[in-house]
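Welcome! Take a moment to look over the chain below, and then we will walk through its fold together, topic by topic.

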Amino acid sequence: MFSGINLRSEKAGKEPAANVLFVCTGNICRSPIAESVFRRLVERERLSSQITIDSAGTHGFQTGERPDMRAIHAARRRGYELSSQRARLFDLDDFRQFEWIVAMDSQNLRFLESLRPADHRGHLGLFLDFAPELGLIDVPDPYCGKAEDFERVLDLVERGAAPLLAAIQGALLPPIAR
């Protein structure tokens, strides 16, 4: 779908052309799922050397822990692997490392906006902004829910991943000469 687009930038060959960070509350449910789904898409499009992907949480409740077992099992049923991921806390340095910071919900976005340095010119927004046809703003937090809530998160993330990649590619392409 996207493999015909060249992601090379002036930074190509030295470092990735884009750095993407997914952020939720504890970094054990939604953002690890988004990281894994997006990583699979980027690998399928043969863009792994050009796009780095990570995830973090706004709160350090589970720092160092593996993703929630329900997230691991739901993702594994769809062919995604989360078990090697470990929760980490969002760091102010992430604003320097990542041009694309994507919050999974409005509450976490507001928190990130309160920390955003004035010189950060990258994208800071909601994941589901890339899939407006879904009619949702937030990817719901499945942590206090049931197994099917994790399936719902996967459904939403799978729907939003390709439009996010298209937006990144669009931002990296030079303007078309008129």
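Two strands are said to pair if DSSP finds at least two bridges between them. With that in hand, we can look at strand E1 (residues 18-24) and strand E3 (residues 100-103), which pair in the parallel sense over four bridges. Please keep in mind that this is a predicted model.

**The chain as a whole**

- Five helices and four strands make up the secondary structure of the chain.
- If you follow the sequence from start to end, you meet them in the pattern β-α-β-α-α-β-α-β-α.
- The chain has 178 residues, and 48% of them count as buried.
- Among contacts with a separation of 6 or more, 71% join residues that are 24 or more positions apart.
- About 9,200 Å² of the chain is exposed, with 51% of that area supplied by carbon and sulfur atoms.

**The sheet**

- In what order do the four strands line up in the open sheet? The order is E2-E1-E3-E4, and the pairing is parallel.
- Strand E2 (51-57) and strand E4 (123-126) are the edge strands, as each of them pairs on one side only.
- From one strand to the next, the twist averages 20°.
- To see the pairing of E1 with E3 at the level of residues, find Val-23, which stands opposite Ala-103 in E3.
- Helix H1 (residues 30-44) packs on the sheet, where it touches E1 and E2. The direction of H1 makes about 170° with that of E2.

**The nonpolar cores**

- Here is a general idea to start from: in soluble globular proteins, nonpolar side chains tend to be buried together.
- The largest nonpolar core in this chain has 40 residues. Phe-22, Phe-38, Ile-51, Phe-127 and Leu-164 are the ones with the most contacts inside it.
- Which elements each supply at least two residues of this core? They are E1, H1, E2, helix H2 (69-77), E3 and helix H5 (147-172).
- Helix H5 gives the most to this core, with 10 residues.
- Phe-22 is a good residue to explore: leaving aside its neighbours within four places in sequence, its contacts include Phe-38, Ile-53, Val-102, Phe-127 and Leu-164. Phe-22 also contacts other residues, among them Ser-31, Glu-35 and Asp-54.
- Apart from the largest core lies another core, of 12 residues. Leu-21, Phe-90, Phe-95 and Ala-103 are among its members.

Technical notes
Residues are numbered from 1 along each chain as its sequence is written. This is a predicted model: local features need pLDDT of at least 70, side-chain atom pairs count only at pLDDT 80 or more; totals for chains, interfaces and linings use all residues. Side-chain values use heavy atoms; hydrogens and water are left out. Buried means under 20% relative accessible area, exposed over 50%, partly exposed in between (1.4 Å probe, protein chains only). Contact means heavy atoms within 4.5 Å. Accessible areas come from the Shrake-Rupley method with a 1.4 Å probe; for residues, only the protein chains shown count as cover. Axes are lines fitted to C-alpha atoms, for helices over the stretch in contact, and angles run from 0 to 180 degrees between N-to-C directions. A nonpolar core is a set of buried Ala, Val, Leu, Ile, Met, Phe, Trp, Tyr and Cys residues joined through side-chain atoms within 4.5 Å.
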